[in-house]
Amino acid sequence: MTDLSDPRRETAAPPIAERRPTRDQRHGMTLVDDYAWLRDANWREAMHEPSLLRADITAYLDAENAHTDAHMAPLATLRQNLVAELRARIAERDASVPTPDGDWFYYVRFREAGQHPIFCRAPRSGGDDTPPGEPLPDEQILLDGDTEAEGRSYFSLGTVNHSRDHRLLAFALDERGSEAYTLHVRDIETGEEIQPPITNTTGNLMWSADSATLFFTTLDDNHRPCKVWRLALGDAPDAAELVYSEPDPGFFVSVDTTQSDRFILINAHDHATSETRFIDSASPWKAPRLIAERVEGREYDVEDDGDDFVLLTNADGAEDFKLVRVPIATPSREHWHTIVEHVPGRLILDHLEFADFRVRIERADALPRVVITDKRSGEDHAIRFDAEAYSLGVAPGYEHATHTLRFIYSAPNTPDETYDYDMASRRRTLRKRRIVPSGFTPEVYVVKRLHATAGDGAEVPITLVHHVDTPIDGSAPCLLHGYGAYGISEAAAFASSRFSLIDRGFVHAIAHVRGGKECGYRWYANGKLEHKPNTFSDFIAVAEHLAEAGYTHRGAIVPHGGSAGGMLVGAVLNQRPDLWGAAIADVPFVDVLNTMMDETLPLTPPEWPEWGNPRDDAQAFETIRSYCPYQNVSAQDYPPTLVIAGVSDPRVTYWEPAKWVAKLRAHKTDTNPLLLKTHMAAGHGGLPGRFTALEETALIYAFVLDALDRDHAAGAAGPVERAAAPIRGDQMY
């Protein structure tokens, strides 16, 4: 076995970033930043064309990449084996369960060795009981992702949306990883592009009822979604009419439709406040109407039901949300009437309005459920499962006048299962169980839901899974995943990749820390703004509890998080470096203080409700400075750490992880490896493609296995590909 920390395997000294101090006076304090030069003034252009990055910055990032490659080179065989192992769990020839819409079934499939999805349809008259992965009778290929990706160095699809009359296909394409999408429209029968491409969009688009008008959103110079447009199909993009422009740089805009497709919705929102306008989809050129004006801290989501809108809202102190009904003709706040009361501790996550049934997705006691209301009788019933921890979500489909609800269930030891549920008879039909070609036996894995007690008495849920043969005597290593921001909950879902570690003796655990909504909206509120330090202390409490309970031991725990979860990793490395045996920070948001003081960055104004505004608020400045990973690097030992970034990333700009690594390398007092891998032509989502993405997972796992000196022998596990259709609720892939 090769030891990552063994100095004999070093091929060269790690790159040392030059110190070029800059000073900034804020709230009576001088901030010194030795590595601010790593931020290119040309970053906006470089995000779309990485070759434009300044030469000295490129040289530094290239040097870090070369150092990472050299350091990991002795593990090439292990990485190849891991890729093969991960890939063996994927049903390469696979397809989603077909979704009905009018005379057609729509579905997504993958061909053998195919990297990208193939969007298809087939006549509904032919039935949909073809074996998984096989084309339906008389299949039409609408968009072949593998073909489209040929010749492109980066390829990622955004929205793919067929028109209401089933003649046209609109799709959004990102060729840089920068999340700036170009919209295309094709005639399904001829394959001809009938719309001049529309550039610089968010990838968000909707059709009018007559399939003659497109609604889409565009980005401003700071990469913020701020304008909604409508365009007569076939017209030049510069002929588009501006429907709505958001004046507040702290708000983002998007377009959507209700489940009935009766209304186009124009949503403006930040992380705490929302406002919605609507247009009758049958009259797409009318002016949008406001439902209720924005009030700070008030949110609402919109569906329609007959002559009324049904809104999911936290108005009137409904912290965990309630449902209200309001006439479409007079939708303003004074006309709202509650139809599903607020119940503290029962968080309503989402809702759907079908013709005869209302569906709401809830979470209580950190477990999801789906509640169905028969509008004809008023009777409620719930879909739930008895597992100790599980994930549950719904796929809304295209139809409104249906009695069938599709839902997806999985658990940490159960590959996802797709069901069609008759909401009237309450019968469920299993439509698909995810195939694991290399074999998977749920019974050989143990799933537990535990709780750790935080310093202030909060009970922090933990979801863990391990092999039945893993000794629970403190000897096992543990990969501990966390996020804890934006109210996003970490679902207890199946993910096959983690079994490459579990089958090698690891315990895999998720810390459901404050900042998510696992335990209701208050769980989120108590992990944001001035309460943000709770997220980090919760994570540390979970690590301590797992060690005390014998699931692992201090010094053998690997914190793993991405984006805001990478901030979590950075914070706990500074606060308790003794707990960790290695660390993985994926596109980590680690320069929080500087970023939140710069209103020109894409996400800064919209993020102030989440983190605070340290530019104008001295208390927010002090709070963020107290935990910001970059600000709190100090002269101490740090565990082996792997950091991943992307030059085209608009969410966590490349210089944040680069600066953090530079500062860590200058201050840390150990000889443990510190590696930075920057994708020079990819963004926040990392490498595209089903199988290319496995290379990054293999890099991470190889690093972890050697850092903890674990056995490299191959294991066995289950599938990894993403769901083919949008999922609403608690389901995550």
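Student: In which handedness does H7 pass H8?

Tutor: H7 crosses H8 in a right-handed sense. Keep in mind as we go that this is a predicted model.

Student: How are two packed helices described in general?

Tutor: The description uses the angle between the axes and the distance between the axes. In this structure, helix H7 (residues 533-548) packs on helix H8 (residues 564-575) at an angle of about 70°, and their axes are 10 Å apart. That angle makes H7 roughly perpendicular to H8.

Student: Which residues make the contact?

Tutor: From H7 come Thr-535, Phe-536, Phe-539 and Ile-540, and from H8 come Met-567, Leu-568, Ala-571, Val-572 and Gln-575. Sorted by class, the contact of H7 with H8 has seven nonpolar, two polar and no charged residues.

Student: I see spacings of three and four in those lists. What is the general idea there?

Tutor: An α-helix has 3.6 residues a turn, so residues three or four places apart point the same way. You can apply that to Phe-536, Phe-539 and Ile-540, which are among the H7 residues in the contact.

Student: Let me try another pair. At what angle do the axes of H2 and H12 cross?

Tutor: Helix H2 (residues 55-72) and helix H12 (residues 655-667) cross at roughly 65°, and their axes come within 12 Å. The two helices are therefore roughly perpendicular to each other. The handedness to note here is left-handed, for H2 passing H12.

Student: Which residues of H2 and H12 meet?

Tutor: On the H2 side you will find Tyr-60, Leu-61, Glu-64 and His-67, and they meet Ala-658, Val-661, Ala-662 and Arg-665 in H12. The residues of this contact of H2 with H12 divide into five nonpolar, one polar and two charged.

Student: Now for backbone angles. What sign does phi mostly have?

Tutor: Most residues other than glycine have a negative phi. Two residues to look at here are Arg-426 and Ser-563. Arg-426 has a positive phi of about 70° although it is not a glycine, and Ser-563 has a positive phi of about 60°, again without being a glycine.

Student: Where do Arg-426 and Ser-563 lie?

Tutor: Arg-426 sits in the loop between strand E29 (414-422) and strand E30 (428-433). Ser-563 belongs to the loop between strand E35 (557-562) and H8, the helix that packs with H7.

Student: Is Ser-563 buried or exposed?

Tutor: Ser-563 is buried, with a relative accessible area of 14%. Arg-426, on the other hand, is partly exposed, with a relative accessible area of 39%.

Student: How many residues of H10 are buried?

Tutor: Seven of the eight residues in helix H10 (residues 604-611) are buried, so the helix is mostly covered. They are Thr-604, Pro-605, Pro-606, Glu-607, Trp-608, Glu-610 and Trp-611.

Student: And what do the buried residues of H10 pack against?

Tutor: Their partners are strand E15 (252-257), helix H6 (521-525), H8, helix H9 (592-596) and helix H11 (618-627). After H10 comes Gly-612, with a positive phi near 105°.

Student: Can we zoom in on Thr-604? Which backbone oxygen does its side chain reach?

Tutor: The side chain of Thr-604 reaches the backbone oxygen of Thr-595 at 2.7 Å. Thr-604 is buried, with a relative accessible area of 0%. Leaving out residues up to four places away in sequence, Thr-604 touches Thr-595, Met-596, Asp-598 and Glu-599.

Student: I would also like to look at buried residues with basic side chains. What does the side chain of Lys-322 make a polar contact with?

Tutor: Its partner is the side chain of Asp-316, at 3.0 Å. Lys-322 is in strand E21 (residues 322-327) and is buried, with a relative accessible area of 8%. Beyond its neighbours within four places in sequence, Lys-322 is in contact with several residues, including Leu-311, Thr-338, Val-340, His-342 and Ile-348.

Student: And Arg-690: where is that residue found?

Tutor: Look in the loop between strand E38 (674-679) and helix H13 (692-707). Arg-690 counts as buried at 10% relative accessibility, and the side chain of Arg-690 reaches the backbone oxygen of Glu-92 at 2.9 Å.

Terms used
Residues are numbered from 1 along each chain as its sequence is written. This is a predicted model: local features need pLDDT of at least 70, side-chain atom pairs count only at pLDDT 80 or more; totals for chains, interfaces and linings use all residues. Side-chain values use heavy atoms; hydrogens and water are left out. Helices (H or I, at least four residues) and strands (E, at least two) are DSSP runs, numbered from the N terminus. Buried means under 20% relative accessible area, exposed over 50%, partly exposed in between (1.4 Å probe, protein chains only). A polar contact is a pair of N or O atoms within 3.5 Å; within protein, one must be able to donate a hydrogen and the other to accept it, and residues adjacent in sequence count only if both atoms are side-chain atoms. Axes are lines fitted to C-alpha atoms, for helices over the stretch in contact, and angles run from 0 to 180 degrees between N-to-C directions. Angles under 35 degrees count as roughly parallel, over 145 as roughly antiparallel, 65 to 115 as roughly perpendicular and the rest as oblique. A crossing is left-handed if the near helix is turned anticlockwise from the far one by less than a right angle, and right-handed if clockwise. Contact means heavy atoms within 4.5 Å. Ala, Val, Leu, Ile, Met, Phe, Trp, Tyr, Cys and Pro count as nonpolar, Asp, Glu, Lys and Arg as charged, and the others, Gly among them, as polar.
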